[in-house]
Structure formats: C-alpha cells, structure tokens
Amino acid sequence: MTQRKPIVGGNWKMNTNRGVASELSRGVVDGLLHTDGVETVLFPPFPYLLLVRSILRDRGSSIKLGAQDAYPQPDGAFTGEVSIAMLKDCGVQIVLCGHSERRHVLGEKDEFINAKVRAVLEAGLECILCVGETLDERLAGHQDIVTTRQLKTALAEIPGDWLARLTIAYEPVWAIGTGKVATPDDAQAAHKQIREFVGHLYGGEIASRVRIQYGGSLKPGNAADLFAQDDIDGGLIGGASLSAGDFVTICKAAAASARARR
Ligand code: PGA
C-alpha cells in the first residue's frame, strides 16, 4: 500500500483575536515539538497570518501556515478580497478552496472554486480542496454524485503533476460544526469512492498518492477510529482546533495511525 503522510489542518474560521491566536499557536507548536509523522497546518483568520507566522518561525516549527480562502485574480478592483500573491508575501504555504461555508453561506460555485484551485496551484502553493454533500443530498442517496461533480469541476484543467500539491478534504456538510460525525465505515466508503474517481481522472498511481482528509466534528474521542481507515489521511478540524490540547491530541492520533500502517 502507498504510504501517505497524514495531514491535519486547524481551521480557526472567523474565531480568535490577537491574544487567542498567539496563545493557540504557541500551544500547538509546543504540544507538537516531539511529534513527527504528521503534517500540520494552521489556518488563522487573515489579520493574524503574520502573527502566527512569526510564532512558527521564532520556534523553528515545521507547522505550515495556511489561508482559509483566496481570490483567483492577481490584483485589481476587488474590494475586500485577498490575492494569492499577498498570501505568499505573508508566508502562506497552503490555501483552503471550496470550504462548505464558502459554498453554502457565501454562495461559491464549482466553477469559481476551480478558478481558485488553478490559481493557487499555478502560484506554486499547496491547496486543500473541500468537497461534501448536504444532509438532503445524503438522504437522497446522492453523496457520490455530488462529490464527483464537485471534484470534476474543481479539478478541470489541473494537470496531474500538480496533484502532488493538492489534498482533498471530504467534509459532509451535515457533520460540520454539528457534533454529528460520519461513522468510520461511511467516511471510509466516501473516501474510497473519491480516490477511485481521482483514479478515473488521473490514473491509479496519482490516485494512490493523493491525500484525502476527513472533516466534520472530528474530536479527540473519534479521531483514532477515523484515522484507522485505509483511505483517510488525516483531518480538517474546525471547533476542536480552537483548543490547543484537543488539536494536538488529534495530530498525535494521526501520527500514531500512520505508524500503525507501516
Ligand atoms: P468542525 O469543522 O470540526 O467544527 O465540524 C470542520 C471544518 O469546517 O473544516
């Protein structure tokens, strides 16, 4: 089986303030000092990117700096938006695209998400592409149709060799921030189907290397069971990433699952 290093992201969403961002990032850095075998990313709100970067740098941490979103145009009259070049300038290494809150609260469509994914990868950064079905779509038995459509459009015109810098986050919308978590079996089935679809688009070798994270009410108590699944390569964490202790525990569970697979 292909060894994939798990990746765990802490998506702080529109939470924290300067003091909390500082304390939280220090807590995560210190908590993960002696942990390897997992790639970790923090996604603070835009105003705190430089603050978190300086904490990561001062402590020589390998934790990556991520941005929760980006605008695909290079510059111009786009009031309130932030370009990928600006993010790079602030030390950002990885950008979230198509998070369900951007899709469902802010109305982003698959084509626009594709423009973002292309711009992020073209700029040489890494990307986490989020996909996932709503509760109605799941109840109608359409999980697979929805994630396939989201992937197909978001990955249009993305060459296969760029996929080394892409992670897919499977985040069923009904599980995000709700406390309802997909069962390990359901999550594994969705991840396997996503990997097969990547194989259909790019071939088996790329599909076996691409990392697919799970997101949606992931907590210290359910992390190990989810990470034990063959096609789950870490997680994207919202609520639990606002506690340094919980987030560190989840990162360590991902590292332990990777060790167990060796
Ligand atoms: P949650 O959020 O962990 O609070 O469910 C996950 C996400 O939105 O990425």
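Which residues are buried in α8? The points below, written for a reader new to this predicted model, take up that question and then turn to the ligand, to another helix and to several individual residues.

1. Helix α8. The buried residues of α8 are Ala187, Gln188, Ala190, His191, Gln193, Ile194, Arg195, Phe197, Val198 and Tyr202. As for what these buried residues pack against, their partners are the strands β5 (126-131), β6 and β7 (211-215), together with the helices α7, α9 (204-209) and α10 (220-227). The helix runs over residues 184-202, and because a rise of 1.5 Å a residue gives an expected span of 27 Å for its 19 residues, the 26 Å between its end C-alpha atoms agrees with that expectation. Just after α8 comes Gly203, whose phi is positive, at about 100 degrees.

2. The surroundings of the ligand. The ligand is surrounded by 13 residues, and the closest of them are Lys13, His99, Glu171, Gly177 and Ser217. When the residues of this shell are divided by character, four are nonpolar, seven are polar and two are charged.

3. Polar atoms at the ligand. On the side-chain part of the protein, an N or O atom of Glu171 is 2.6 Å from an oxygen atom of the ligand. Backbone atoms also take part, since a backbone N or O atom of Ser217 lies 2.7 Å from a ligand oxygen, and a polar backbone atom of Gly239 is 2.8 Å from an oxygen atom of the ligand. Of the 280 Å² of accessible area that the ligand has on its own, the protein covers 97%.

4. Lys13. This residue, one of the closest to the ligand, is found in the loop between β1 (7-11) and α1. Lys13 is not a glycine, yet its phi is positive, at about 55 degrees. Is Lys13 buried or exposed? With a relative accessibility of 18%, it falls under the 20% limit and therefore counts as buried.

5. Glu157, another residue with positive phi. In Glu157, which is likewise a residue other than glycine, phi has a positive value near 60 degrees. Glu157 sits in the loop between α7 (143-154) and β6 (166-170), and because its relative accessible area is 66%, it is exposed.

6. Helix α1. The 14 residues of helix α1 (residues 18-31) should span 20 Å at 1.5 Å a residue, and the end C-alpha atoms are 20 Å apart, so the two values agree. At the start of the helix, a side-chain oxygen of Asn17 comes to within 3.1 Å of the backbone nitrogen of Gly19. Ala21, Ser22, Leu24, Ser25, Val28 and Val29 are buried in α1, and the buried residues of this helix pack against β2 (39-43), α2 (49-58) and α11 (244-261).

7. Trp12. The loop between β1 and α1 also holds Trp12, which is buried because its relative accessible area is 0%. Beyond residues up to four places away in sequence, Trp12 touches a set of residues that includes Ala21, Leu24 and Ser25, which are buried residues of α1, and it also touches Leu42, Phe43, Pro44, Pro45, Val52, Gln68, Ser241 and Leu242. Although Trp12 and Ile237 are 225 residues apart along the chain, their C-alpha atoms are separated by 8.2 Å.

8. Ser241. Located in the loop between β8 (234-237) and α11, Ser241 has a relative accessible area of 0% and is therefore buried. A polar atom of its side chain lies 3.2 Å from the backbone oxygen of Ile237. Leaving out residues up to four places away in sequence, Ser241 touches Gly10, Asn11, Trp12, Leu24 and Phe247.

9. Lys64. Which side chain is joined to that of Lys64 by a polar contact of 3.0 Å? The partner is Glu39. Lys64 lies in strand β3 (residues 64-67), and its relative accessible area of 16% is why Lys64 counts as buried. Apart from neighbours within four places in sequence, Lys64 is in contact with Glu39, Thr40, Val41, Leu42, Leu56, Gln93, Ile94 and Glu126.

Technical notes: Residues are numbered from 1 along each chain as its sequence is written. This is a predicted model: local features need pLDDT of at least 70, side-chain atom pairs count only at pLDDT 80 or more; totals for chains, interfaces and linings use all residues. Side-chain values use heavy atoms; hydrogens and water are left out. A residue is near a molecule or strand if one of its heavy atoms lies within 4 Å of it. A polar contact is a pair of N or O atoms within 3.5 Å; within protein, one must be able to donate a hydrogen and the other to accept it, and residues adjacent in sequence count only if both atoms are side-chain atoms. Accessible areas come from the Shrake-Rupley method with a 1.4 Å probe; for residues, only the protein chains shown count as cover. Ala, Val, Leu, Ile, Met, Phe, Trp, Tyr, Cys and Pro count as nonpolar, Asp, Glu, Lys and Arg as charged, and the others, Gly among them, as polar. Helices (H or I, at least four residues) and strands (E, at least two) are DSSP runs, numbered from the N terminus. The expected span of a helix is 1.5 Å times one less than its number of residues. Buried means under 20% relative accessible area, exposed over 50%, partly exposed in between (1.4 Å probe, protein chains only). Contact means heavy atoms within 4.5 Å.
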